[in-house]
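Here is a short note to help you find your way around this structure. Keep the view open beside you and take the points in order.

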Amino acid sequence: MKRQLDLGSDSTSAMSRRAGQAPGKTAFVLSGGSSLGAIQVGMIQALMEAGIRPDFLIGTSVGAINATWLAAQPDPEGARRLAEIWCGLRRQDVFPFSPWAGARGLLGRTNHVISNAGLRSILEKNLTVDRLEHTAVPVHVIATDLKSARAVMISSGPAIPALLASSAIPGVFPPVTIGRRVLVDGGVADHRSIAAALELGATRVFVLPTGYPWVSNQPTNALGMALHALARFVEVRLEAEVHAYRDSAEVLVLPTVDTVPVSPADFSRTPELIRLAYKSSRRYLAATASRPPALLPTKAGKSRLAALRQVALPRMAAAPAA
């Protein structure tokens, strides 16, 4: 977005002071949602302008793509550039539907109906790092092992195969083979992104969801229905996880945009989603700056953290896709 809004020096300095005082690590957790990932861009802009920086990021699906970009350049300029990229995207760029490819998928000749070549091209053109471990701050990408149905966390290796795997919506995009694993969208598994952040030492977690802006606008095609169902599934589980771990760390959920009826397959209103998410996040962060830091974890939260250490997500390094 070309137009930038001034957050205000008082709010910015207050949030910056609080960020400096926060013990432990600060994590950003970004969920999936296809085109609704634009909402996260507005949130990122507000966070960067408020002087809040992550010690590490965890992302799933489109959230993994946004997280990796931000991890490479975690500052206002990185947020501005990410918004520019998003505003240039069209549905056909990401979901280049071909009747021939769709027919092959429906007839069982392939395991998907849309090639991931369009998404790969976007990543190759815009990503500024080749490997996940080369980002300025650590980033962890969540995908799902298709055989075991378990979530795996990819923290190193080539970035593009990891992001394609995390974004491989089953039946829509092809699975991605990394090493000996066949991986699909991280939203399919019980991925526990907030739990993973706590396992990695976070005491303050900013959650960047995509919400339900499509709830009053039902999908009219198969692609829209598939994206709608997965996004709804991810958001419901994220809400449950926020509730489960709210006494284990300071969990701050940025407000989503629910006034614009946009489906996860619609890229036509990206600038509006970014602008609205930025404004609502700006207000939220200003209000949060005036609150004292939470005294966490509680006794129950400490018990839950101890239990988490017994069920940590399996981790792997990305290798070139087979």
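1. The secondary structure of the chain amounts to 12 helices and 9 strands. Please keep in mind that this is a predicted model.

2. A few figures for the chain as a whole may help. Of its 322 residues, 55% count as buried. The exposed surface comes to about 13700 Å², and carbon and sulfur atoms supply 55% of that area. Among contacts between residues at least 6 apart in sequence, 80% join residues at least 24 apart.

3. For the strands, a good place to begin is β6 (residues 181–185), which runs antiparallel to β3 (residues 139–145) and is joined to β3 by 3 bridges. Within this pair, Ala143 stands opposite Asp185 of β6.

4. Strand β6 also pairs with β5 (residues 176–178), again in the antiparallel sense and over 3 bridges. Here Ile178 has Arg181 as its bridge partner in β6. Together β5 and β6 form a hairpin with 2 residues between them. Do look at Gly179 in that turn, where phi is positive, at about 65°.

5. Now turn to two helices. Helix α4 (residues 76–87) packs against helix α11 (residues 270–289) at an angle of about 150°, and their axes lie 9 Å apart. Angles over 145 degrees count as roughly antiparallel, so that is the term for α4 and α11. The crossing of α4 past α11 is right-handed.

6. Which residues make the contact between α4 and α11? On the α4 side they are Ala83, Trp86 and Cys87; from α11 come Thr270, Pro271 and Ile274.

Terms used
Residues are numbered from 1 along each chain as its sequence is written. This is a predicted model: local features need pLDDT of at least 70, side-chain atom pairs count only at pLDDT 80 or more; totals for chains, interfaces and linings use all residues. Side-chain values use heavy atoms; hydrogens and water are left out. Helices (H or I, at least four residues) and strands (E, at least two) are DSSP runs, numbered from the N terminus. Buried means under 20% relative accessible area, exposed over 50%, partly exposed in between (1.4 Å probe, protein chains only). Contact means heavy atoms within 4.5 Å. Accessible areas come from the Shrake-Rupley method with a 1.4 Å probe; for residues, only the protein chains shown count as cover. Two strands pair if DSSP finds at least two bridges between them. Axes are lines fitted to C-alpha atoms, for helices over the stretch in contact, and angles run from 0 to 180 degrees between N-to-C directions. Angles under 35 degrees count as roughly parallel, over 145 as roughly antiparallel, 65 to 115 as roughly perpendicular and the rest as oblique. A crossing is left-handed if the near helix is turned anticlockwise from the far one by less than a right angle, and right-handed if clockwise.
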